[in-house]
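Open the model in your viewer and colour it by chain. The stops below say what to select next and what is there.

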Amino acid sequence: MRDYITFLWRVARLSFQGGWKFYAWMTLLTALALVGLNAYARQLVDGLSTTGMTNQVSWGAYIANFTFLVGVAAAAVMLVIPAYVYKKQSMHEVVIFGELMAIAVIIMCLLFVTVDLGHPERFHHMIPPFGMFNWPGSILSWDVIVLNGYLLLNMHICGYLLYKRYLGAPPTRAFYIPFVFVAIAWAISIHTVTAFLYVGLAGRAYWHNPIVAPRFLASAFAAGPALLILTFQIIRRVTRYWIGDEPIFMLRMIMTVAMLINVFLLGCEVFTEFYAPTAHSAAARYLYFGLHGHEGLIPWIWTAIALDFVGLGLLITPLTRRIAWLNVACATCFLGIWIEKGMGLIIPGFVPSPLGQVVEYLPTLNETLVCLGIWALGALLYSWMLHVAIPIMRGSLRARPGAPAAQPH
Amino acid sequence: MNPPTPGDGGSQTVEQAARPLTRRTFLKGSAASALGIAAMAAALKPLLALERENLSVDAFLQKHYQELTPQELRRILDRLESECEQSRGIRPDIRDIRPREDTEFAYALNIGRCIGCRKCAHACIRENNQSRESDDDINMSYIRVLEMEKGGIDLETSDHYYDADQVPRAGKFYMPVQCQQCREAPCTKVCPVKATWQEDDGLVVVDYNWCIGCRYCMAACPYDARRFNYSRPKLSPDQINPCQSYLSNRLRPKGVVEKCTFCLHRTREGKYPACLEVCPTGARIFGNIRDPGSEINYILKNKRVYVLKEDVGTRPRFYYFFDK
Amino acid sequence: MVLCAAPLAAGEPASPKLPPLPVVERPAPAKPAVGLSDDRHLDKDPPRTTKGLDLVKLGWTYNCMECHRLLEAKWHYDRPMAEHQDIRLAHGENRFCLNCHHPTNRNAFVDYDGSVIPEKEVVRLCAKCHGPTYRDWKAGVHGRLNGHWDTAAGPRTQLRCIQCHDPHAPKFPTMKPLPPPTYPPRAAHAPTTSAGIHPTPQGGTAH
């Protein structure tokens, strides 16, 4: 116990130690997060009228970002499966970074849901002893459970392994292996449940479609590894923790397959909507070509499709065996999927409205600042976790400095 | 079993590498902390403008409507009445009206008679105290009147904004849509906190003091029947209908969802809903579906009835019918 | 036989020159109170707020027979009558005054057998031809009910045929609709033209 308190104290001290670059980066992120907080404070006072949402388009950028990020969080499993199921040694060196990312991203997800609420102070209405939790009826209550569960699982796994490493003692398998395997299934479930949020609404034809869940997973398993590849290179460049090329190329392979499936499923959807269009294709028509002269989403979706195809084109060619091109592919895929799942999936669900009204949506400045603040906070959290975890992984933060470094888990 | 960190790692701990805590670093740290706290305070400054009704401890601790004792409910109604008096300058009469025995409400609308005059949509907003920018603003009305092309019922070609000199226009027909009080209501199913539910008389209601404002019910509704208070409702004292009830037309706080309740403060006392009272063509029929002699049962037995979007499985209590 | 003069007010000996004035049975106010008094915010006026002749609208109340006992009823008129300028008969095939108006008691209407239907029972007159509509009206599903659906809880009023329909031109008149909703003010890409807000007829794509 005393060891643990010392550990926490040393981690806290370490959090504030770093070079000027570290300080500059963290200050920048803090400043951005505060800008977001300021925008959120304004939203609390004036209500959600500070956003671009309306009665017709009642969800916007917040829920779009939430949906996308649940996928990114779930994609940590793409490091865990090779490491633990296929016992790839090289993946063991990086799996912790995926799990830490999942923690930061899940926190972002929870924040995006919170800022979307009209009455965040009534959040306790969801917590059983004080509130009335509509479980198992509401998929949103399932989502609350699976997201928080995933957060706890990853916090436990990361916390336990890092602490053991700090102590220089080998981790007890019973204390983490079962959780790792639960987390694998759990990761799939968080994104499936999030897809069911939409799929479960029979009144929204654009979402009431079984392909949404598999497409969610496919796009998540492309976007998540894309972000991980980029992160690994930043880690490689700015810290002294060496990440080899093997995990990066393993992720490239996963990403290529996921992206192929994603684009294939997109094609299936486009075929169904446009080859035999029904009254239910109106949303797809609005998205791709505009409806009744309203064309707000056309630039977004075609940009997303262009980015997806550029990314996929790079991934399937040998070009991306070179890191620079791989980075381009990761950036385009990440951005493409972000648009496709946000402006391309959430917004058309509301346009046209169930009564045929075409009301368009764009986030307002205040709404964008809140989003930016949450992204900054997520980056801040992840940077902090890496800042603390890397010295522990390297062995330069250890309970007894003389003790030999523990083996990687 | 290679250690993951080749090279120089492990020879020196991070703390050894860090600068020791000196007076200089301490002062620098203090200055940074002060700056951080100041920045935090500046970011949160808009919160000073929060209205008092957002900060009520009583409202925060209030239980779900269905768990309230009669005494608690009485106190809440008193509190809501005086809050309204303080903030709006008019003291309403807010009652808690329970479902009647052996009553289940249903509505029927004669699609052949509706001429699209929008009197129902305007009466709705006068009756139910929705937010409005002007007397003519019906964006928050629970009723949307759709102008449709004759020759089909294609909602996608409906026009919500028609502004003809005279209605009905040639080649068009009109279809008002409001909450259908579905028997299989998707909105109540998805609410994560049970802030919206179906009462024994079939009315789907919202506890505005329990709703967390997630708007999942709005996404779930196939009839666009729900409205969200994106800001504090705008109403002048002379626009307020003081005859109110807890579950229907009392003034809503910002950030909650509201909807048509078939004017339960009227209908549970045996009266007709406001939209029916003003309909110039008598296209609207309302009544108790459990009473075999009611007008609504006459419609169901004798007319050709359809429900909107039967394919989504909501089983509405709102019927459309033709009679010629 | 419709043309036969029905017996007038009973007991009076018919004057050889002019028949005596019949008793007038009118519904009391021109605009009966509708619904509940505490609903002042709701516009419950019956659609047809005026009825009767121009002179009646101006406040002149008189017994129709003051004139009509001098003017003999005719089946055919070849010109709009100077006395009834506002009447334009557009009631389908029903184009004779005496189809509805009583030949010898112009304050009332005529039944199949030539007997009198008092003005307040005008529904019975309309029912002579509009059977199914009358059946619906009696069931409370044609025309408007106001007040209480639960008559145990309070009163209910029912509008009569001619409170909505002009009997001479019964097609329901067109009216100016109340103002429409607007394109939501905070929504993106508000249409710049007033025409741009309406959907294109086919719902097709507009590039």
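Start with chain C: of its 207 residues, 23% are buried. This is a predicted model, and every value here is computed from it. Switch to a cartoon view of chain C, and six helices and four strands appear. Followed from the N terminus, they come in the order α-α-α-β-β-α-α-β-β-α. If you draw the contacts of chain C between residues at least 6 apart in sequence, 53% of them join residues at least 24 apart.

Now select chain A. Its cartoon shows 14 helices and zero strands, so the pattern along the sequence reads α-α-α-α-α-α-α-α-α-α-α-α-α-α. The radius of gyration of chain A is 22 Å, close to the 22 Å that the globule rule gives for 409 residues, so chain A is as compact as a globular protein of that length. Along the principal axes, its C-alpha atoms fill a box of roughly 70 × 55 × 40 Å. Colour chain A by burial: 54% of its 409 residues count as buried. Among the contacts in chain A with a separation of 6 or more, 79% are between residues 24 or more positions apart.

Keep chain A and bring chain C back. Where the two meet, 17 residues of chain A are in contact with 13 residues of chain C. On the chain A side, the residues touching chain C comprise five nonpolar, ten polar and two charged.

Next, look for the nonpolar cores. Which residues have the most contacts inside the largest one? Select Ala73(A), Leu100(A), Cys109(A) and Ala223(A), in a core of 234 residues. Helix 6 of chain A, residues 95-116, gives this core its largest share, 17 residues. Centre the view on Cys109(A): beyond its neighbours within four places in sequence, Cys109(A) is in contact with Phe66(A), Leu69(A), Val70(A), Ala73(A) and Leu147(A). Another core, of nine residues, lies apart from the largest one; Phe109(C), Val110(C), Ile117(C) and Cys161(C) are among its members.

The last stop is helix 10 of chain B, residues 295-302, where Ile296(B), Tyr298(B) and Ile299(B) are buried. Look down the axis of this helix: its buried residues fall within an arc of 160 degrees, so they line one face of the helix. To see what they pack against in chain B, select strand 2 (105-110), strand 10 (284-288), strand 11 (304-306) and strand 12 (318-322). Then add helix 5 (131-139) of chain C, which the buried residues of helix 10 of chain B also pack against.

Methods: Residues numbered from 1 in each chain as written. Chains lettered and ligands numbered in written order. Predicted model: local features only at pLDDT ≥ 70, side-chain atom pairs only at ≥ 80, totals over all residues. Contact = placed C-beta atoms within 7 Å. Nonpolar A, V, L, I, M, F, W, Y, C, P; charged D, E, K, R; others polar. Helix = DSSP H or I, 4+ residues; strand = E, 2+ residues; numbered from the N terminus. Rg over C-alpha atoms; globule rule 2.2 N^0.38 Å. Buried ≥ 20, exposed ≤ 12 C-beta atoms within 10 Å, placed from the backbone. Arc of directions from axis to C-beta. Core = buried A, V, L, I, M, F, W, Y, C linked by C-beta atoms within 7 Å.
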